[in-house]
Amino acid sequence: MSTISTQLRNFKEPTKDQLTHVFFSIPEVPPVPPKDTEKRGTGDIENMEINAILSFGAQEVEDSYAGKLHLLPPYLAFSSLDRKSVKFTLPLSTVRRVERLNARAGVYALSLSTWHGMKIIVQLTSLRPTADLFCSLLREALKAELQRGQMKAVKGFVKTCYSEGLVSLSGISDNEREDGSLLTETKEGCPPPDTEFHGGLGLQFKFPGDPKKLREASKIKLWTTYLKNHGRNLTLLRYPQCTRLVQVGLPNRLRGEMWETLSGSIYLRFSNPGLYDQLLLDIRGTNSTSFEDIEKDLHRSLPEYAGYQADEGISALRRVLQAYSHRNPEVGYCQAMNILAAAILIYMSEEQTFWLLEVLCDRLLPGYYSPTMHGTLLDQRVFESLVTRCLPMISDHFQAVDVQLSVASLPWFLSLYINSMPMVFAFRIADCFFCMGPKVLFQVGLAILKINGEKLLQIQDDGGFLNLMREYFASLGDSAHPESADPRTRAITRFQELLLISFREFAVISDETILSERRKYRNEIVNSIESFSKRSAVRNLKTLARFTKEQAGFIYDALYKAMCEVPPPPAAAPPPSLLTTADGNQEKAETRIGIPTFHVFLSEILTWARSEKIVINGFQQRIDREVAEHELIDRLFYFWDTSCKGSLSFQDLVSGLDGVMFNDLMENIEWFFNLHDKNKDGYLTKDEVLTLSESFLFIFRHEIGDAYLGAVSKFMTNAFEYGDSLLPQHTDSKTGAAEPREIGHNQPYLNLATFRMVVLADEVLESFFETDLSASFRLEPVPDLELPPASSGFLGDLWSNIATQDNKRMFNRLSDELGKTIGKHQVIYRPTIGRFTKLEEPTARESLISPQTKTSSGSSLDTAVVSSSPSTLDTSSIHDGGPLSGSVFSPMPHLKAVNAAFMERTPFAIDDAGDDDDDSDLDMVHGEDDDRVLDEVDAFLEAHDSGLTEADKEMAKDLLNAEPVK
């Protein structure tokens with residue numbers, strides 16, 4: 001059983017708005033149903049950005065910074081010009097007051113007061129109409145938030161954040177140990193009071209590491225000061241000092257809250273109260289294959305930590321992973337997800353962990369934990385490219401000794417280094433990752449290779465590479481310079497050296513670098529994954545029947561293309577069964593296609609399941625392919641559905657094709673008979689005989705001449721005559737003549753032997769069943785599907801938006817209408833069998849019942865056909881008022897043009913009759929577009945410290961003392 005996914009084909013480059021949301025860690029706002037009128041306020045307000053200068057309300061705390069202010073309802077965001085010095089994201093529900101400041105003439109400034117009492121001054125430096133429009137939209141967005149009631153929810157939400165108690169000096173540290181974990185009882189011997197603050201397993205089982213070596217007390221003091229002045233949780237302002245404090249390391253007790261604040265998962269938790277608890281109720285008593293995989297990995301998740309040696313930790317991890325897999329069935333559960341969730345649960349509550357896992361898998365590390373793990377493979381290819389660029393000697397040595405970089409680096413990226421180095425150091429890297437983004441993984445990886453460069457040039461195989469990395473990670477706590485005479489230099493650990501090299505020497509690795517490299521190698525990775533999936537699907541077939549692996553691959557290609565055009569429903573796990581396999585495992589979900597996808601699949605491999613027509617309109621020549629719709633194709637679908645599931649798997653398609661493609665004459669006749677024998681009783685009713693005749697007409701609908709039409713007509717005559725002759729006879733009481741007994745239309749009428757005799761009585765049908773039926777199934781290489789183009793700047797995006805399939809179809813319709821106007825529009829259908837290319841029909845065999853009568857009628861029919869299609873025709877009967885051509889003219893003037901169109905594909909076609917047969921041929925054109933994709937235009941912004949002149953800074957200082965406009 002195999003699961004075939006086309007998800008990689010559906011990838012689209014993120015738009016500018018999506019990249020803006022990712023940069024500010026803002027979740028995408030889901031569409032609001034029309035009925036929820038109260039919640040439609042912020043969704044209807046458009047986004048806007050404006051140039052601005054940010055000043056902090058507290059004097060002499062921070063400098064002023066120039067940048068852009070973004071209104072992204074229901075959020076307000078700001079970033080400095082260099083996009084790294086200053087950044088904040090404020091939910092509009094946390095804005096308590098907005099005032100227009102009465103400053104110098106020509107200065108447009110706003111004062112924002114937040115929930116935590118901060119005062120933010122924003123000077124709008126755009127034109128006055130633009131500033132007025134921005135203020136108007138901001139006013140509407142604030143009103144909408146007030147109507148939704150989100151401002152009332154802030155008070156209850158911030159109570160769950162530890163930073164509130166830390167800043168308020170409420171004495172919460174009296175109930176904590178030095179590392180931040182909670183005391184089981186106070187000094188008086190009483191249990192500590194319950195708190196509303198969210199926290200992880202570390203509160204009960206202690207946090208990893210020695211609190212004195214980690215300098216927990218100093219970190220808490222520094223962060224307390226920063227949070228007092230710069231906001232916290234929902235209103236945190238990220239100034240340069242914030243990034244520096246994160247790089248030094250987050251204190252244990254604040255780590256969980258800061259992770260969700262820096263990553264943006266706090267906004268998901270704020271906007272979805274109670275959703276996690278509801279998910280736990282929904283999954284109670286349910287089961288799935290993902291749940292079974294989770295159970296296998298629970299006890300492998302950081303088993304060295306005390307919390308996962310107890311039921312409390314295992315149960316919490318189980319609930320988080322099951323809730324996530326239930327909410328995201330397409331992702332489900334992937335190995336290494338348990339390592340991440342287990343590490344996060346040490347510092348965060350279950351609900352916090354659930355939402356952070358959502359952000360990790362969906363935005364920070366997209367595709368890392370999908371079934372194909374395409375995100376991980378893509379980033380490994382990007383990492384290899386960066387190693388080649390930054391560390392060429394190591395890259396060349398690895399290629400020379402055939403060492404795979406990914407054997408060590410893939411676990412680094414997949415587990416955020418948690419599975420590779422001691423937890424106290426891995427969590428420091430995770431701090432930087434949530435603050436600075438995925439580029440940290442690449443920077444740290446490059447620094448590891450550079451530090452160990454000399455030793456890496458000595459390794460000869462993968463085993464030596466892995467052993468060297470294990471030794472290095474085990475020594476991260478040791479001194480980087482143990483022989484130095486300076487005690488301060490000796491105090492520098494190898495881990496501190498690693499961070500220093502990562503963020504200084506590899507600071508050139510930016511988010512834009514990573515995105516650019518991902519675009520560059522995405523198609524390569526997608527093709528590699530699809531090729532592997534194809535081999536796996538063919539290998540997992542229960543039987544290849546009479547097909548070779550190459551032929552089965554062609555079937556897979558046609559199926560995959562059909563699934564891309566008409567996606568099937570998601571693969572579902574089989575229903576629970578009372579019978580289990582020997583190992584007790586349930587069957588895995590498999591991909592099955594419905595009738596719409598089957599129509600497209602069959603049109604790829606079966607000639608009469610599609611209609612191909614040459615369209616010539618005087619401007620272009622093209623071949624249009626349309627998927628045929630007929631009851632015969634639906635009948636074939638259910639005929640191959642032997643398991644009666646209403647859908648077909650890859651194995652069903654292989655087995656079904658095997659039942660027809662390798663048949664001889666008699667086997668094909670029997671197969672076609674059984675296809676129309678609905679109740680499988682060995683007889684066709686009269687209605688089924690008529691249906692079978694309609695199937696013949698459908699298959700032969702585009703054949704040249706009347707040979708196939710005559711064959712179907714003779715088949716019906718012979719079938720009913722011979723069928724009536726085999727019915728029980730009775731004597732008519734009036735005339736005394738013997739006549740066949742009348743039967744109903746649904747009564748058994750024609751058996752297989754009779755059907756075989758009727759078919760063999762006609763040379764055309766015999767030839768069809770002997771060779772043409774099996775030959776109409778053609779397994780050929782499917783052209784490579786085009787992947788979505790990578791973004792190539794403004795002009796490239798503009799061209800990709802213009803050259804869409806819908807626009808191409810619109811252009812074709814327009815050219816067809818113009819061709820009809822000028823009288824040069826012509827449509828020629830390609831024959832599906834193509835055996836007879838002339839009007840002469842083969843001589844029919846004698847009737848099975850009355851040879852003399854049938855012979856005479858057959859000859860008269862032939863005479864009528866010939867007389868109606870003379871071999872000599874005056875061209876004036878074809879072209880009104882046109883000049884006379886030669887006396888000899890082909891009865892089918894477009895026949896050779898049809899053959900030329902499929903075999904030669906010549907450049908152009910002119911619908912005109914000449915003096916000779918050759919002159920009547922149509923010249924064909926390919927209709928290729930001559931447009932070329934324009935060159936890419938890259939626009940970039942130079943980085944500045946603050947982007948302000950001295951005069952601007954003086955202006956910002958004056959605004960601090962400005963009074964509101966009255």
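How many strands make up the open sheet, and in what order do they come? In this predicted model, the sheet has 9 strands, and reading across it gives β8-β4-β3-β2-β1-β7-β6-β5-β18, with antiparallel pairing. The two ends of that row are β8 (237-238) and β18 (963-964), and each has just a single partner strand, so one side of each is left without a neighbour in the sheet. As a reminder for reading the picture, strands of a sheet pair through backbone hydrogen bonds, either parallel or antiparallel.

Strand β1, which covers residues 48-56, is a handy place to start looking at the sheet in detail. Of its 9 residues, 7 are buried, so β1 is largely enclosed by the rest of the structure. On one flank, β1 runs antiparallel to β2, and 7 bridges join the two. Within that pairing, Leu54 sits opposite Tyr65 of β2. The other pairing of β1 to look at is with β7 (residues 119-124), again in the antiparallel sense, this time over 5 bridges. Here Ala52 stands across from Leu124 of β7.

Moving along from β1, β2 also pairs with β3, antiparallel and over 6 bridges. Leu69 has Phe78 in β3 as its bridge partner. The loop between β2 (65-72) and β3 (75-80) is where Pro74 is found. There is a backbone quirk at this spot: the peptide bond from Pro73 to Pro74 is cis, its omega being near 5°.

Two other loops carry backbone oddities of another kind. Leu302 is not a glycine, yet its phi is positive, near 45°. Its place in the chain is the loop between α12 (289-297) and α13 (311-327). With a relative accessible area of 3%, Leu302 is buried, because the cut-off for that label is under 20%. Ala545 likewise has a positive phi, about 55°, without being a glycine. This residue belongs to the loop between α25 (511-539) and α26 (549-565). Is Ala545 buried, partly exposed or exposed? At 40% relative accessibility, Ala545 counts as partly exposed.

Further along the chain, helix α28 (residues 631-640) has a good number of its side chains tucked away: Leu632, Ile633, Arg635, Leu636, Phe637 and Trp640 are buried. What covers them? The cover over the buried residues of α28 includes strands β9 and β12 (648-649), along with helices α27 (595-605), α29 (650-661), α30 (665-676) and α31 (686-699).

One of these covering helices, α30, can be followed residue by residue. The axes of α28 and α30 come within 9 Å and cross at roughly 95°, which makes α28 roughly perpendicular to α30. On the α28 side, the contact is made by Leu632, Arg635, Leu636 and Phe639, and on the α30 side by Trp671, Asn674, Leu675 and His676. By residue type, this contact of α28 with α30 splits into 5 nonpolar, 2 polar and 1 charged.

Strand β9 is also part of the cover over α28, and Arg592 lies in that strand, which spans residues 592-593. Despite being an arginine, Arg592 counts as buried, at 13% relative accessibility. Which side chains make polar contacts with that of Arg592? The side chain of Ser643 is joined to it by a polar contact of 3.5 Å, and the side chain of Ser647 makes another, at 2.7 Å. Leaving aside residues up to four places away in sequence, Arg592 touches Pro568, Pro569, Asp641, Ser643, Lys645, Ser647, Leu648, Ser649 and Asp652. Among these neighbours, Leu648 and Ser649 fall in the range of β12 (648-649), another element that covers buried residues of α28.

A second helix pair rounds off the picture. Helix α33 (residues 752-760) and helix α34 (residues 763-775) pack at an angle of about 110°, and their axes are 6 Å apart. That makes α33 roughly perpendicular to α34. Phe755, Val759 and Leu760 of α33 meet Leu765, Glu766 and Phe769 of α34. The residues in the contact of α33 with α34 come out as 5 nonpolar, no polar and 1 charged.

Methods: Residues numbered from 1 in each chain as written. Predicted model: local features only at pLDDT ≥ 70, side-chain atom pairs only at ≥ 80, totals over all residues. Heavy atoms only, no water. Helix = DSSP H or I, 4+ residues; strand = E, 2+ residues; numbered from the N terminus. Buried < 20%, exposed > 50% of the residue type's maximum accessible area, 1.4 Å probe, protein only. Polar contact = N/O pair within 3.5 Å; in protein donor to acceptor, adjacent residues only side chain to side chain. Contact = heavy atoms within 4.5 Å. Pairing = 2+ DSSP bridges. Axes fitted to C-alpha atoms, helices over the stretch in contact; angles between N-to-C directions. Parallel < 35°, antiparallel > 145°, perpendicular 65-115°, else oblique. Nonpolar A, V, L, I, M, F, W, Y, C, P; charged D, E, K, R; others polar.
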